[in-house]
Amino acid sequence: MNCKRKMLLLILGLSLLLLFDHYSRKNQEEELELSDWFKPRGRPDVITTTSWLAPVVWEGTFSRKMLEKHYRRQNFTTGLAVFATGRLADPYLELFLNSANKYFLTGYRVIFYIMMDTFIKLPQIKWEPLRQFKVFIVTESRWWDNDVVRMKSLAKHIIWDIQGEVDFLFSMTVTQIFQNNVGVEVLGELVAQLHGWWYFKDRASFPYERRPKSAAYIPFGQGDFYYDGAFVGGTPQEVLNLAEEYLNGVIHDLGLRLNSSYEKHLNKYFFLRKPTKLLSPEYNWDADFYPPPQVQYVKVAQQSKRRH
């Protein structure tokens, strides 16, 4: 009996080993290498790869066909969080939702997380297939500024609701409007948006936080790029890490009677925790300015708040 039992255990162990090897090989086959889809030589006029070898996504640098082939086989869901409170809700929210519904990850599952300070009547949107939305009422004290309220609310809902529902999560401002397709080329572990204005300036002029006591401090001569806080994303855990680090930085600075902006804290975070993918200024161009030759294809436009 002992010999038979040992033989059965040996056969079972070998079967499990073969099954594990099969799935390991299958997963390796399904992995998408950077060289499979990213073609940096397609845009010699711009920076396409960082010093830490992360891709900078511009139109002309990626193979949409290869990306689609890979992601169509994946069973994933993406969340898109937008914060629409106060006077910004009415004039911008409908434009944002309509444009995102049309252009953001078309053909893939997307959950729109709409964060509002009051439950007003939502605009009538004819949602595309695989789209759904959820409304979260912001309960955080408005004593804080909007960025603190937004990130506190986002962090809370990632923990309570979002992290179990989506594989990727993006946070955007309601003043943005999609103008062209924003597809799976933006997906990544930690995705940062290059600032459209400061991308074309010298690093020495970047408006980093220069006060050494601030949690957002970046010394002169250091830093990589200047990032825009209007479009950020990655896995839910990475976005949560960013939000929590920002909130901890705000608390630190308040204790020293300092007040640094969300964008400066964001730049400090990406200085220490390098993003795995960067989006070019095409993904958040200021609509008040005519794009330079390098910005060939505006995907998302930032509307001016001065118009409302």
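Colleague: Let's start at Q303. Where is Q303 found?

Modeller: Q303 sits in the segment after β11, the strand that spans 300-302. Keep in mind as we go that this is a predicted model.

Colleague: How do I read its accessibility: is Q303 buried or exposed?

Modeller: The general idea is a cut-off: buried means under 20% relative accessible area. Q303 has 13% relative accessibility, so Q303 counts as buried.

Colleague: And which residues does Q303 touch?

Modeller: Leaving aside residues up to four places away in sequence, Q303 touches Y92, L95, T175, Q176 and I177.

Colleague: Now the annotations. Where does UniProt place the feature "binding site"?

Modeller: A record like this is best read with care, as annotations may be inferred rather than shown by experiment. Here the unreviewed UniProt entry places "binding site" at H195, E263 and D286. The annotation "active site", also from an unreviewed entry, covers E263.

Colleague: Let's take H195, then. In which loop is H195 found?

Modeller: H195 is in the loop that runs between β7 (190-194) and β8 (227-234).

Colleague: Why does H195 count as buried?

Modeller: The same kind of reading applies: the limit for buried is under 20%. H195 comes out at 16% relative accessibility, and therefore counts as buried. As for its surroundings, H195 touches Y226, Y227, D228, E263 and P281, not counting residues up to four places away in sequence. In addition, the H195 side chain reaches the backbone nitrogen of W198 at 3.5 Å.

Colleague: In which helix does E263 lie?

Modeller: E263 belongs to helix α7, residues 262-272.

Colleague: How should I describe the accessibility of E263?

Modeller: Partly exposed is the category between under 20% and over 50%. E263 has a relative accessible area of 22%, so E263 is partly exposed. With residues up to four places away in sequence set aside, E263 touches H195, Y226, Y227, D228 and G229. One polar contact joins the side chain of E263 to the side chain of Y226, at 3.4 Å.

Colleague: Last topic: pockets. How do I read one?

Modeller: Rolling a probe the size of a water molecule over the atoms shows where empty space is left. In this model, the second largest pocket has a volume of about 270 Å³. It is lined by 14 residues, and those closest to its centre are L34, W37, L187, T276 and K277.

Colleague: How many residues of that lining are nonpolar, polar and charged?

Modeller: The lining of the second largest pocket has 9 nonpolar residues, 2 polar and 3 charged.

Definitions and conventions: Residues are numbered from 1 along each chain as its sequence is written. This is a predicted model: local features need pLDDT of at least 70, side-chain atom pairs count only at pLDDT 80 or more; totals for chains, interfaces and linings use all residues. Side-chain values use heavy atoms; hydrogens and water are left out. Helices (H or I, at least four residues) and strands (E, at least two) are DSSP runs, numbered from the N terminus. Buried means under 20% relative accessible area, exposed over 50%, partly exposed in between (1.4 Å probe, protein chains only). Contact means heavy atoms within 4.5 Å. A polar contact is a pair of N or O atoms within 3.5 Å; within protein, one must be able to donate a hydrogen and the other to accept it, and residues adjacent in sequence count only if both atoms are side-chain atoms. On a 1 Å grid over the protein atoms alone, a cavity is a set of points where a 1.4 Å probe fits but cannot get out, and a pocket is an open set with protein on both sides within 12 Å along at least five of seven lines; lining residues have an atom within 4 Å of a point. Grid points are joined across faces, edges and corners, and a volume is the space filled by probe spheres set on the points. Ala, Val, Leu, Ile, Met, Phe, Trp, Tyr, Cys and Pro count as nonpolar, Asp, Glu, Lys and Arg as charged, and the others, Gly among them, as polar.
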